[in-house]
Amino acid sequence: MALTLFNTLGRELQVFEPLETGQVGFYGCGPTVYNYAHIGNLRAYVFHDVVVRTLRRLGYQVKHVMNITDVGHLSGDNDEGDDKMVKSAEERGKSVMEIADFYTGAFFNDTERMNILRPGIVCRATEHIGDMIALIQKIEAHGFTYFAGGNLYFDVARFSSYGELARLRLEDLKAGARTGVDENKRNPQDFVLWFTKSKFENQALIWDSPWGRGYPGWHIECSAMSIKYLGETFDIHAGGVDHVPIHHTNEIAQSEAATGKSPWVKYWLHNEFLVLDKGKMSKSAGGFLTLQSLIDAGYDPLDYRYFLLGGHYRSQLQFSYEGLDSARNARRSLLDKVRSLAAKAGSGVVKAAAEAWKQGEPLSVAAQAYLAAFDRALNDDISTPRALAELWGVLRDSGLEGGEILAVIFDMDRVLGLSLKEQAEKSFERVEDAETLREIEDLIARRTGAKKARDFAQADAIRDTLKSRGILLEDGPAGTVWRRI
Ligand code: AMP
Ligand code: ZN
């Protein structure tokens, strides 16, 4: 089965065919660095990560670009509200650049802890003002702009396919126009390309431009930077569903107006929201959960990654601590199982166990079938829940050899990104040598045999012996696993 993705543009599943054989240009909207990322934002970046890893697994060379928004983003995506960066800087008594540097660092600290691969190109908006101005000049030269009240606007009425992505109808929007909209706008959907006059007298970052000293609107940065690094047309653009009606709709209008090329982007992928019991999670509303708050509550960042993988990206995912507990338990038994298998394989180290297999025989038909099913799940619009189920399937298959199981799940983990090998190795360091591990495994096997023979006294005796040595047994869906008390 070929990779099939749900394209928001057209609202249908489409077989992925890159513009250039073997290459993929991928742009994912990055964070606005005025505060920590909340765990909903991190859902978006885990999603981008899994798509990029899947494409690489399929053999594509992926150029992954992500922007860092450090200017121009107002709290309302349509030019309304406060300037997010300026407000945050004022509240914290810092400069905008200090705020941007601090939260950019915090963002990458979070993504690293969640094993999200860093995009090959990370670009800051404030370092690309020249590119934005050049793009706006093209849009202007093609007649899509007007100047009013000191700002340069994009005139959506001149762009006939405006709103196609979001299936907006300009006529309906006009009829339902809101009050309180910027009076300079001819249409409420028109948006600012360049501000020279705004309500923010104290705007710290301003640049010279053909339209006067000022700063760019938010949307133009993504058009300018993606075109700069990926070309005038490219393959995939991703972001959260909130970006469909305004941000991405406006990005398309600007980019196609500037280059005259359509479609600008071939596939648009949008992740649904992570929601709290109380509803939407938002950075501006305050009271949001960060990765650090989960860590402080005793969770590993990878527990949260596992939790996210358990939901399909196009479904809303309800966050709860019960759900996170289940993810933590599942991930722990996964690691325990990996560790036990490695011990059984006799090498004592996970790496050696898996690599011994890699250099040896080819995988059995049964093992290959698991990998094929895993690939099918991902190819079917990135179904991570089904991919995880295949991982568990192979782990529970008693017909496969330990080393082979490890080889298969480590291969799967190249996409899932649970760091299984490293995590299991880390836990190995805490225990004794391979001989002890084998001894434990032997005792567990004897206990399983005793239970089968309904000799519960013997089974309990073995459990107690291990317990007296500080080893706790847990019977779970993946068989019996052990951990140190
Ligand atoms: P921002 O930093 O606000 O520009 O958002 C960064 C990314 O997170 C964007 O792709 C948003 O669409 C996405 N996003 C925001 N809130 C959520 C949420 N609750 N669940 C999933 N994605 C979100
Ligand atoms: Zn964007």
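Where does G30 lie? G30 sits in the loop between β3 and α1, and this briefing takes you from there to the zinc site and the aromatic rings. The model is predicted, so local features need pLDDT of at least 70 and side-chain atom pairs count only at pLDDT 80 or more, while totals for chains, interfaces and linings use all residues. Residues are numbered from 1 along each chain as its sequence is written, chains are lettered from A and ligands numbered from 1 in the order in which they are written, and side-chain values use heavy atoms, with hydrogens and water left out.

**The protein as a whole**

- The protein has 17 helices and 16 strands; helices (H or I, at least four residues) and strands (E, at least two) are DSSP runs, numbered from the N terminus.
- Of the 485 residues in the protein, 57% are buried; buried means under 20% relative accessible area, exposed over 50%, and partly exposed in between (1.4 Å probe, protein chains only).
- About 20,700 Å² of the protein is exposed, and carbon and sulfur atoms supply 48% of that area; accessible areas come from the Shrake-Rupley method with a 1.4 Å probe, and for residues only the protein chains shown count as cover.
- Contact means heavy atoms within 4.5 Å. Among contacts between residues at least 6 apart in sequence, 74% join residues at least 24 apart.

**Around G30**

- G30 has a relative accessible area of 14%, so it is buried.
- Neighbours within four places in sequence aside, G30 is in contact with Y45, M66 and N67.
- From C-alpha to C-alpha, G30 and M66 are 5.4 Å apart in space, and they are 36 residues apart in sequence.

**The zinc site**

- Four residues supply the protein donors of the zinc ion (ligand 2): C29 (SG), C222 (SG), H247 (NE2) and E251 (OE), at 2.1 to 2.5 Å from the ion. Donors are N, O and S atoms within 2.8 Å of the metal (3.2 Å for Na, K and Ca); water is not among the atoms, so sites may look incomplete.
- Along the chain, these donors follow the spacing C-x192-C-x24-H-x3-E.
- The angles among the four donor atoms run from 71 to 130°, and the site is irregular. Four donors count as tetrahedral if all angles lie between 85 and 135 degrees; four count as square planar and six as octahedral if opposite donors are over 155 degrees apart and all others between 65 and 115; anything else is irregular.
- Helix α7 (residues 244-259) holds both H247 and E251, four residues apart, which is about one turn of the helix.
- H247 is buried at 0% relative accessible area, and E251 also counts as buried at 0%.

**Aromatic rings**

- The structure holds 22 aromatic pairs. Rings of Phe, Tyr and Trp (its six-membered ring) pair if their centres lie within 6.5 Å; planes under 30 degrees apart count as stacked, over 60 as edge-to-face and the rest as tilted.
- Y36 and Y103 pair edge-to-face, 5.1 Å centre to centre with 85° between the planes. This pair links distant parts of the chain, with Y36 in the loop between β3 (23-28) and α1 (39-57) and Y103 in helix α3 (residues 96-113), 67 residues apart.
- Y36 is partly exposed at 35% relative accessible area, whereas Y103 is buried at 6%.
- Y304 and F307 are stacked because their ring centres lie 6.0 Å apart and their planes are at 20°.
- Both Y304 and F307 are buried, and ring pairs link them with Y299, F319 and Y321 into a cluster.
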